[in-house]
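Hi,

Here is the structure I promised to send over. Have a look at it first, and my notes on what turned up follow underneath.

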Amino acid sequence: MNTVDAYGDTDRTSRLADRLFSAALGAIELYSVYLGSELGLYRVLREQGPLTAAELSEHAGIAPRYAVEWLEQQAVAGFLETDPDLPADERRYRLDPAHARVLLEAEDPAHLAPFAHLLAGVGGVITEVAQAYRTGAGVPYESYGAPFRYGQGHMNRPAFTHELPTDWLAAMPDIVARLRDAPHPRIADAGCGQGWSTIALARAFPNALVDGVDADAASIADARVHAERAGVDDHVRLMHGDAARLPETGPYDLVVVLEALHDLARPVEFLRAARESLAAGGAVLVVDERVADGFTAPGDEVERMMYGWSVTHCLPTQLVEQPSAATGTVLRADRVRAYADEAGFSACTVLPVDNDFFRLYRLDG
C-alpha cells in the first residue's frame, strides 16, 4: 500500500510539517534576539564593534563561553557578519547598520525586535494559559511580566511616534485645527501603556494638556519615566486607573484609544464614558487591528498573527474580569460599529488611512 493511500495527501502533510519547522526556527531565533536586546549585546556591537567574542564578553559583562555561542549563532542566522575562515578567537562580529534598524533603533519603523520580548512574555506564562483553558478563568496581564510589557510598548512605539501625530490625525482635520488653535486643548489617551502615544501627542500639541490612563500600574510607572525623559511631563498627566472614569477628569477635545479597545472587558462601558467625557464637538479616535471584515479560513498573515495573540494573550487577559465581552484580538469593523452604537455615538466612520496593521475609526458623540 502506498503512502498516499494509507495516510492521505502527503504534500499537505509535508507543507504543514515544513511550516511548523520554520515556525520553531523563527521562535528560537526570536529568543536569541531577546537575549541580544535584554543583555545589551546589539548596543555594544554597534557602539564598540566589530568585536571578538572575548571583547564582547568584556564590554557587555557576560560570560566568555556564552559570548562565543551567541555570536556564532547570530552569524549563522545571518543577523551578524563575520569571516568564518578565521580562527574562532580571531573572528570579529559586526552589526550591519541596516540590521541595527530592525534590532536596535527603537523609533525606526523597521524595528521589529520587540516581537522577541512579546514571545518571551507569552512563553513565561503559557502553562497558566493552558490551565485557564481548562477552567475558563483568565490570566492577569501582569502575569506576562516585564518582557511582554516592554514588547507591547516598543512594538507600537514607531507607529505611535511617527504616524499618530501625522497621517492618523490628518484624517481628522477639524480636530487637528481645534487642537492647534485652542489655548489649552485637552486630550485623553486611554489605555496608554508605556506612554509612547501620550508623549507623541504632547510633542505634537505643546499647548495641550494630555492625560494618559492605564489599568496596569507597572505600565504607568514606565510611562512616567519616559515622559520625564522626553521633557513633556510638564503638560502630561499619567494616571493609574479605570478609563471608564474619564468623565471625572474631562472634558476632552480628543479621546484616543490605540490598540486597546479589543482588550477591554467592558468596551461599551468605556466608549460610553469616553463619549460623556467629550467637550462639544470633540471626537474619539479608535485605532485597532486591521483584520478582515469577516471570518475566512485559511486567513492571511495579519489574521493569523492576530488570532495567535488572541489565543495566547488577549483573550486570557480579558477573561480575568467578569462579566467580559471576551472580544479577543480580532476586532472587526462591524463589531466596532456595534459597540459604538450601543455606547450612544451618532457616527462611527472608518478613516481613509492606509496601514498594513491598523484600522482607524472616528466616533462622534
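**Helix packing, salt bridges and a few other spots**

Helix 2 and helix 7 sit roughly perpendicular to each other, because their angle falls between 65 and 115 degrees. The computed angle is about 105°, and the two axes are 8 Å apart. Before you read too much into any of this, keep in mind that the model is predicted.

If you want to look at that packing yourself, pull up Ala-27, Leu-30, Tyr-31, Val-33, Tyr-34, Ser-37 and Glu-38 on the helix 2 side. Their counterparts in helix 7 are Phe-115, Ala-116, His-117, Leu-119, Ala-120 and Gly-123. Helix 7 covers residues 114-123, while helix 2 takes in residues 10-38.

Tyr-31 turns up again elsewhere: along with Phe-21, Leu-25 and Ile-28, Tyr-31 makes a nonpolar surface patch of about 420 Å². Phe-21 is also part of helix 2. With a relative accessible area of 60%, Phe-21 counts as exposed, because the cut-off for that is over 50%.

Now the charges. Side chains of opposite charge can pair when their charged atoms come close. How many salt bridges are there? The count comes to 22. Three of them are worth pulling up on screen.

- Glu-81 with Arg-94: the closest N and O atoms are 2.6 Å apart. Both residues are in the loop between helix 5 (64-77) and helix 6 (97-103), with their positions 13 residues apart in the chain. Glu-81 is partly exposed at 39% relative accessibility, and Arg-94 is partly exposed too, at 35%.

- Arg-157 with Glu-107: here the closest N and O atoms are 3.1 Å apart. This pair links distant parts of the chain, with Arg-157 in helix 9 (residues 145-162) and Glu-107 in the loop between helix 6 and helix 7, 50 residues apart. Arg-157 is buried at a relative accessible area of 14%, whereas Glu-107 is partly exposed at 29%.

- Asp-211 with Arg-237: the N to O distance is 2.8 Å. Asp-211 is in strand 2 (residues 209-214) and Arg-237 in strand 3 (residues 236-240), so the salt bridge ties together parts that are 26 residues apart in sequence. Is Asp-211 buried or exposed? Asp-211 is buried, at a relative accessible area of 4%, while Arg-237 is partly exposed at 39%. There is also a network: salt bridges with shared partners join Asp-242, Arg-266, Glu-269 and Glu-321.

One more residue to look at is Thr-52. You will find Thr-52 in the loop between helix 3 (41-48) and helix 4 (53-60). Its relative accessible area is 9%, so Thr-52 counts as buried, the limit being under 20%. Which residues does Thr-52 touch, leaving aside its neighbours within four places in sequence? The contacts are Leu-71, Asp-89, Glu-90, Arg-91 and Arg-92. For a sense of scale, the C-alpha atoms of Thr-52 and Glu-163 are separated by 39 Å, and the two residues are 111 apart along the chain.

That's what I have for now.

Cheers

Definitions and conventions:
Residues numbered from 1 in each chain as written. Predicted model: local features only at pLDDT ≥ 70, side-chain atom pairs only at ≥ 80, totals over all residues. Heavy atoms only, no water. Patch = residues over 30% accessible without salt bridge, like charges linked within 9 Å, V, L, I, M, F, W, Y side chains within 5 Å. Areas by Shrake-Rupley, 256 points an atom, 1.4 Å probe, with all protein chains shown as cover. Salt bridge = Lys/Arg side-chain N within 4 Å of Asp/Glu carboxyl O. Helix = DSSP H or I, 4+ residues; strand = E, 2+ residues; numbered from the N terminus. Buried < 20%, exposed > 50% of the residue type's maximum accessible area, 1.4 Å probe, protein only. Axes fitted to C-alpha atoms, helices over the stretch in contact; angles between N-to-C directions. Parallel < 35°, antiparallel > 145°, perpendicular 65-115°, else oblique. Contact = heavy atoms within 4.5 Å.
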